[in-house]
Each structure stands twice: as structure tokens, then as C-alpha cells.
Amino acid sequence: MLWKGSPTECRFFPKCLVLQFTHFHCPGCGSLRSLHFLLRGDLAAAWAMNPLTVLLLPGIIFLGTAELLFHRHDFATRIRPVYLWILVAVFILFGILRNLPSFSCLAPH
């Protein structure tokens with residue numbers, strides 16, 4: 001469904017509640033559109049929608065594949081907590097920066 005229909009045109013996909021109520025872009029704003037463009041092979045458009053999604057997707061795919069192939073349900077839980085805190089800090093920093101006028105290139109466009 002995501003490959004066929006664009007999230008901006010199809011009413012099936014949810015709208016960002018953070019953007020609707022606060023008019024600020026959350027770290028996930030543009031992720032569905034980014035995935036839509038990645039599935040269609042348009043890396044530049046995917047990057048323009050949400051660069052964080054493009055950067056984190058290979059890691060997510062790796063962890064998911066490792067879980068499925070090796071049937072190790074504890075694989076993702078073996079990640080050191082410091083890396084999870086770094087990921088949280090990256091999300092927060094990305095969410096702040098993409099709403100600043102000088103970093104408007106990080107907002108979906």
C-alpha cells in the first residue's frame with residue numbers, strides 16, 4: 001500500500017498529531033513519505049522528507065533480519081544501554097534542529 005499510494009494523497013495513512021496540534025515537526029514527521037520514496041527508489045526525495053529515517057533504516061533492517069534469521073529474540077535487547085541513550089539524544093536533537101529556521105533543510109519539504 002505504501003509503495004502504491006503516496007501518504008499525502010491517501011487518507012488511509014495517519015497525519016502527524018504533533019504537527020497538527022503544535023505546528024512543530026516531530027522527529028518522525030515525513031517518515032511515511034520518506035519510506036514511500038525509498039520504496040520507489042527516489043533517495044533524494046526520501047532524504048528531503050526525513051533524513052533520519054534514511055540513515056536509521058539500514059540498522060532497523062539489520063536488526064529485524066537478525067531476529068528473523070537467527071531466531072534470537074534477545075538480539076535487540078543485547079544492545080548496550082548507552083547506545084539507546086545516544087539514539088534518544090539523536091532523536092531529541094533532530095526534533096529540535098528541524099524546527100529552527102537555520103536548519104529548515106531538515107524539515108520535510
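The legends below describe close-up views of a predicted model.

**View 1. The whole protein chain, an arrangement of helices**. The protein chain holds 5 helices and 0 strands. Read from the N terminus, its elements follow the order α-α-α-α-α. The chain has 109 residues, and 27% of them count as buried. Taking the contacts between residues at least 6 apart in sequence, 44% link residues at least 24 apart. The exposed surface of the protein chain comes to about 7900 Å², of which carbon and sulfur atoms supply 74%.

**View 2. Helix α2 and its buried residues**. Helix α2 spans residues 31-39. Ser31, Ser34 and His36 are its buried residues. These buried residues pack against α3 (43-49) and against α4. After α2 comes Gly41, which has a positive phi, near 85 degrees.

**View 3. The packing of α2 with α4**. Helix α4 covers residues 51-70. The two helices pack at an angle of about 65 degrees, and their axes lie 9 Å apart. Their crossing is right-handed. On the α2 side, the contact involves Ser31, Ser34, Leu35 and Leu38; on the α4 side, it involves Thr53, Val54 and Leu57. By class, this contact comprises 4 nonpolar and 3 polar residues, with no charged ones. Two residues from this contact, Ser31 and Ser34, also appear among the buried residues of α2.

**View 4. The packing of α4 with α5**. Helix α5 is formed by residues 81-97. Here the angle is about 160 degrees and the axes are 11 Å apart. Angles over 145 degrees count as roughly antiparallel, and α4 and α5 are therefore roughly antiparallel to each other. The crossing of α4 with α5 is right-handed. From α4, the contact draws on Pro51, Leu52 and Leu56; from α5, on Leu87, Val90, Phe91 and Phe94. The residues of this contact are 7 nonpolar, with no polar and no charged members.

**View 5. Helix α4 with both partners**. Toward α2, helix α4 presents Thr53, Val54 and Leu57. Toward α5, helix α4 presents Pro51, Leu52 and Leu56. The α2 contact includes 3 polar residues, whereas the α5 contact has no polar residues. Charged residues are absent from the contact with α2 and from the contact with α5.

Technical notes
Residues are numbered from 1 along each chain as its sequence is written. This is a predicted model: local features need pLDDT of at least 70, side-chain atom pairs count only at pLDDT 80 or more; totals for chains, interfaces and linings use all residues. Side-chain values use heavy atoms; hydrogens and water are left out. Axes are lines fitted to C-alpha atoms, for helices over the stretch in contact, and angles run from 0 to 180 degrees between N-to-C directions. Helices (H or I, at least four residues) and strands (E, at least two) are DSSP runs, numbered from the N terminus. A crossing is left-handed if the near helix is turned anticlockwise from the far one by less than a right angle, and right-handed if clockwise. Contact means heavy atoms within 4.5 Å. Ala, Val, Leu, Ile, Met, Phe, Trp, Tyr, Cys and Pro count as nonpolar, Asp, Glu, Lys and Arg as charged, and the others, Gly among them, as polar. Angles under 35 degrees count as roughly parallel, over 145 as roughly antiparallel, 65 to 115 as roughly perpendicular and the rest as oblique. Buried means under 20% relative accessible area, exposed over 50%, partly exposed in between (1.4 Å probe, protein chains only). Accessible areas come from the Shrake-Rupley method with a 1.4 Å probe; for residues, only the protein chains shown count as cover.
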